[in-house]
Amino acid sequence: MARPSDLAHSPRDNTLTITWEDGTVSVLPIPYLRAWCPCAGCQGHSNTIAHRPAGADMRAAKLWEVGAYALGRGALGIPEMPTTAWWTWVFALIALDFLYYWFHRWSHEVNFLWASHIVHHQSEEYNLTVALRQSAFQGLFSIWLYLPLALVGVPPLVYVFSSQINTIYQFWIHTRLVKRMGPLEWVLNTPSHHRVHHGADPLYLDRNYAGMLIVWDRWFGSFQEEREEPTYGTTKPLAHWNPLWANFDYWATLIREARSMPRLRDRLQIWFRH
Ligand SMILES: [Zn+2]
Ligand SMILES: [Zn+2]
Ligand SMILES: [Zn+2]
């Protein structure tokens with residue numbers, strides 16, 4: 001078996017170059033190595049965020065999404081809202097947040113969507129790294145959700161802006177350090193509200209799906225106020241740190257369950273049930 005004869009880390013390209021004894025050279029992207037590393041730091045379980053790259057994979061997924069959106073909009077040929085009007089931007093921010101609420105809610109209520117969203121909930125700690133802990137597949141489903149924005153004429157540029165603001169907003173609420181925020185708690189999704197969302201306690205299960213505005217939860221009956229600090233994680237904890245397992249674990253459970261069912265109808269229905 002060939003052993004490495006030289007290792008070179010290039011911070012500029014974010015790669016590790018391994019030269020093997022037999023002369024073979026491998027150039028490995030650091031995010032790829034991090035994804036395979038089972039250590040707690042790389043998998044978002046530790047309290048450190050310092051050595052975790054903000055995710056080249058996440059940026060690539062975003063490009064994919066925006067490309068699909070622009071393409072879809074072009075194909076539709078529906079008139080666009082003016083980029084120069086302030087209300088286009090405000091409308092897009094609110095409409096996207098509304099759609100996010102429903103997509104997030106279905107991600108908890110529909111099995112095949114939960115199979116990917118579960119990755120975000122497997123952490124038993126609650127800190128900023130949890131915000132980066134996202135499923136590898138979720139993007140495949142979420143782009144369909146934003147189709148209504150394309151249909152009503154939100155320009156791709158405004159869509160990217162709103163979607164990035166929504167994502168960035170949700171980053172900072174993954175913290176235990178901010179307790180309550182006074183009257184803002186009525187309108188905005190806050191660390192307190194989102195801690196409830198990550199709680200595995202019976203009172204907190206399937207509550208507070210909001211992205212930026214908590215009003216959706218208040219109006220659609222899924223709101224729960226934080227009483228005691230939640231126990232973070234899923235009701236059935238994931239017993240391993242391998243990111244491949246984190247992404248496939250629940251899919252495997254669903255396939256096993258489907259196969260154990262005698263009736264075809266049940267086998268199909270399990271993917272859409274809670
Ligand atoms: Zn590591
Ligand atoms: Zn969730
Ligand atoms: Zn979260």
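How are the donor residues of the zinc ion (ligand 2) spaced in sequence? The pattern is H-x3-H-x8-H-x3-H-x75-H. Keep it in mind for the second stop. The model is predicted, so begin with confidence.

**Stop 1: the whole chain**

Colour by pLDDT. The chain averages 80, with 78% of its residues at 70 or more. Select helix α11, residues 215-219: its mean pLDDT of 97 is the highest among the elements. Then select helix α12, residues 243-259, which has the lowest mean, 66. Now go to residues 47-56, where the pLDDT is below 50. Beyond near neighbours in sequence, this stretch has 18 contacts in the model. Where pLDDT is low, the predicted coordinates should not be read in detail.

Switch to cartoon. You should find 13 helices and three strands. Of the 274 residues, 43% count as buried. Among contacts with a separation of 6 or more, 61% join residues 24 or more positions apart.

**Stop 2: the zinc ion (ligand 2)**

Select ligand 2 and show its protein donors. They are His104, His108, His117, His121 and His197. Each donates through NE2, and the distances run from 2.1 to 2.2 Å.

Pick out His108 and His197. His108 sits in helix α3 (residues 86-109), His197 in helix α10 (residues 191-197). The pair therefore ties together parts that are 89 residues apart in sequence. Both His108 and His197 are buried.

**Stop 3: the zinc ion (ligand 3)**

Draw a distance from ligand 2 to the zinc ion (ligand 3). It should read 5.8 Å. Show the residues coordinating ligand 3: His120, His174, His194 and His198, again through NE2 atoms. The distances here are 2.0 to 2.1 Å. In sequence, the donor residues of ligand 3 follow H-x53-H-x19-H-x3-H.

What is the arrangement of the four donor atoms around ligand 3? It is irregular, because the angles span 93 to 152 degrees. A tetrahedral label would need all angles between 85 and 135 degrees.

Now highlight His174 and His198. His174 lies in the loop between α8 (156-172) and α9 (184-187), and His198 in the loop between α10 and α11. This pair thus links parts that are 24 residues apart in sequence. His174 and His198 are both buried.

**Stop 4: helix α4**

Select residues 111-121. Is this helix largely enclosed or left open? Helix α4 is largely enclosed by the rest of the structure, since 10 of its 11 residues are buried. Show the side chains. The buried residues include Leu113, Trp114, Ile118 and Val119. His117, His120 and His121 are also among them. You have met these histidines already: His117 and His121 are donors to ligand 2, while His120 coordinates ligand 3.

**Stop 5: the sheet**

Leave the zinc ions and select the strands. Three of them form an open sheet in the order β1-β2-β3, with antiparallel pairing. β1 (4-10) and β3 (25-29) stand at the edges. Each has a single partner strand, so one side of each is left without a neighbour in the sheet. Look along the strands: neighbouring ones are turned by 20 degrees against each other on average, direction ignored.

Finish on the pairing of β2 with β3. β2 covers residues 15-20, and it pairs with β3 in the antiparallel sense over five bridges. Which residue of β3 is the bridge partner of Thr17? Select Val27 to see that partner.

Terms used:
Residues numbered from 1 in each chain as written. Chains lettered and ligands numbered in written order. Heavy atoms only, no water. pLDDT = per-residue confidence, 0-100. Helix = DSSP H or I, 4+ residues; strand = E, 2+ residues; numbered from the N terminus. Contact = heavy atoms within 4.5 Å. Donors = N, O, S within 2.8 Å, 3.2 Å for Na, K, Ca; no water. Buried < 20%, exposed > 50% of the residue type's maximum accessible area, 1.4 Å probe, protein only. Pairing = 2+ DSSP bridges. Axes fitted to C-alpha atoms, helices over the stretch in contact; angles between N-to-C directions. Tetrahedral: all angles 85-135°; square planar, octahedral: opposite > 155°, others 65-115°.
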